[in-house]
Amino acid sequence: MTNTICPDAFLSPFVIEEAVTQALAEDLGRAGDVTSVATVPADLTGRAVVVAREAGVISGLPLVEATFRKLNAGVKLAAHTRDGVAVAAKSVLMTVEGNARGLLGAERTALNFIGHLSGVATATAAFVRAIAGTKARVCCTRKTTPGLRALQKYAVRCGGGFNHRFGLDDAILIKDNHIAVAGGIKLVLQRARAAAGHLVKIEIEVDTLDQLREVLDAGLADVVLLDNMGSAMLAEAVGLVAGRLVTEASGSITLTRAAAIAATGVDYLSSGAITHSSVNLDVGLDIEV
């Protein structure tokens, strides 16, 4: 398995720098890698290979590179694949040569990044495969690990998925509690439309067909989030919308249900599971001194 899932995913170098600096500071603490300092000669060099010990979709190689460079500016790196590529088990992802202490000090941080992000990308790719042949797209949510949102959303893109909003400031998403506080669907949509700039989209959550009819009658939303609906109700909801709004299915979107949900004709399936419940991909570092 060596096909490219998403060749164009981009991660800001500023995000990489911040994430790597914070992670290394957390791991090295006040005194650095005392084990390596005590046991490894300061001038010893080494060579290491980063290996995917199981099949999956890779995400996080730029963070691996930045982690090693942070502890050893003269390190030599050679990537043998790229993010967004599906690889087979035992694939060598990167070769690293440099100061042995630097390699050892960076090892766990580098592997934490690529293991977690590749897990997210692999989980996303599984959803993408499950809904292949439909018009639906899988997207993530704000259910991310605090401090890692930009990285996890990047990994979703590496897996062939799409991003929902990055934060509360991206778009107006009216949830059930907003409706309750505002006093109803029509009123909350009127307030949202009056406040929204011309480039700001408005999405509103509904969980019944009667609520959906209210949204359609108001004519003020751009997207409707169909929350926790069964497949039959989702299909009916898509029929009611009839292309007037973008439709998004949300709530308990599992891999086993994904195909049936996509078959209803919805435009998006939003899944929190691909970020908050993905399994770490087993990636290891083998050092050859």
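Modeller: On a 1 Å grid over the protein atoms, a pocket is an open set of points with protein on both sides within 12 Å along at least five of seven lines. The model before us is predicted, and its largest pocket has a volume of about 470 Å³.

Colleague: How does one find empty space in a structure at all, and which residues lie nearest the centre of the largest pocket?

Modeller: Rolling a probe the size of a water molecule over the atoms shows where empty space is left. In this structure, 18 residues line the largest pocket, and Ala19, Ala23, Phe113, Leu148 and Leu151 are those nearest its centre.

Colleague: Which elements give two or more residues to that lining, and what is its chemical character?

Modeller: The elements are α1 (13–28), α4 and α5 (149–158). Helix α1 contributes the most, namely seven residues. By character, the lining comprises nine nonpolar, five polar and four charged residues.

Colleague: Let us turn to the sheet. In what order do the four strands stand?

Modeller: Strands of a sheet pair through backbone hydrogen bonds, either parallel or antiparallel. Here the four strands form an open sheet with the order β3-β5-β1-β12, and their pairing is antiparallel.

Colleague: Why is one side of β3 and of β12 left without a neighbour in the sheet?

Modeller: Strands β3 (76–79) and β12 (283–288) are at the edges and have a single partner strand each, so one side of each lacks a neighbour in the sheet. From one strand to the next, the twist averages 15°.

Colleague: Over how many bridges do β1 and β12 pair?

Modeller: Strand β1 (residues 45–52) pairs with β12 over six bridges, in the antiparallel sense. Within this region, Val50 stands opposite Leu285 of β12.

Colleague: Which strands does helix α3 lie across?

Modeller: Helix α3 (residues 61–71) lies across β1, β3, β5 (91–99) and β12, and runs at about 15° to β5. Helix α4 (residues 100–130) also packs on the sheet, where it touches β1, β5 and β12, and its direction makes about 165° with that of β12.

Colleague: Finally, is Asp217 buried or exposed?

Modeller: A residue counts as exposed when its relative accessible area is over 50%. Asp217 has a value of 68% and is therefore exposed. This residue belongs to helix α8 (residues 209–218). For the protein as a whole, 46% of the 289 residues count as buried.

How values were computed: Residues numbered from 1 in each chain as written. Predicted model: local features only at pLDDT ≥ 70, side-chain atom pairs only at ≥ 80, totals over all residues. Heavy atoms only, no water. Buried < 20%, exposed > 50% of the residue type's maximum accessible area, 1.4 Å probe, protein only. Pairing = 2+ DSSP bridges. Axes fitted to C-alpha atoms, helices over the stretch in contact; angles between N-to-C directions. Contact = heavy atoms within 4.5 Å. 1 Å grid on protein atoms, 1.4 Å probe; cavity = no way out; pocket = protein on both sides within 12 Å on 5 of 7 lines; lining within 4 Å. Points joined across faces, edges and corners; volume = space filled by probe spheres on them. Nonpolar A, V, L, I, M, F, W, Y, C, P; charged D, E, K, R; others polar.
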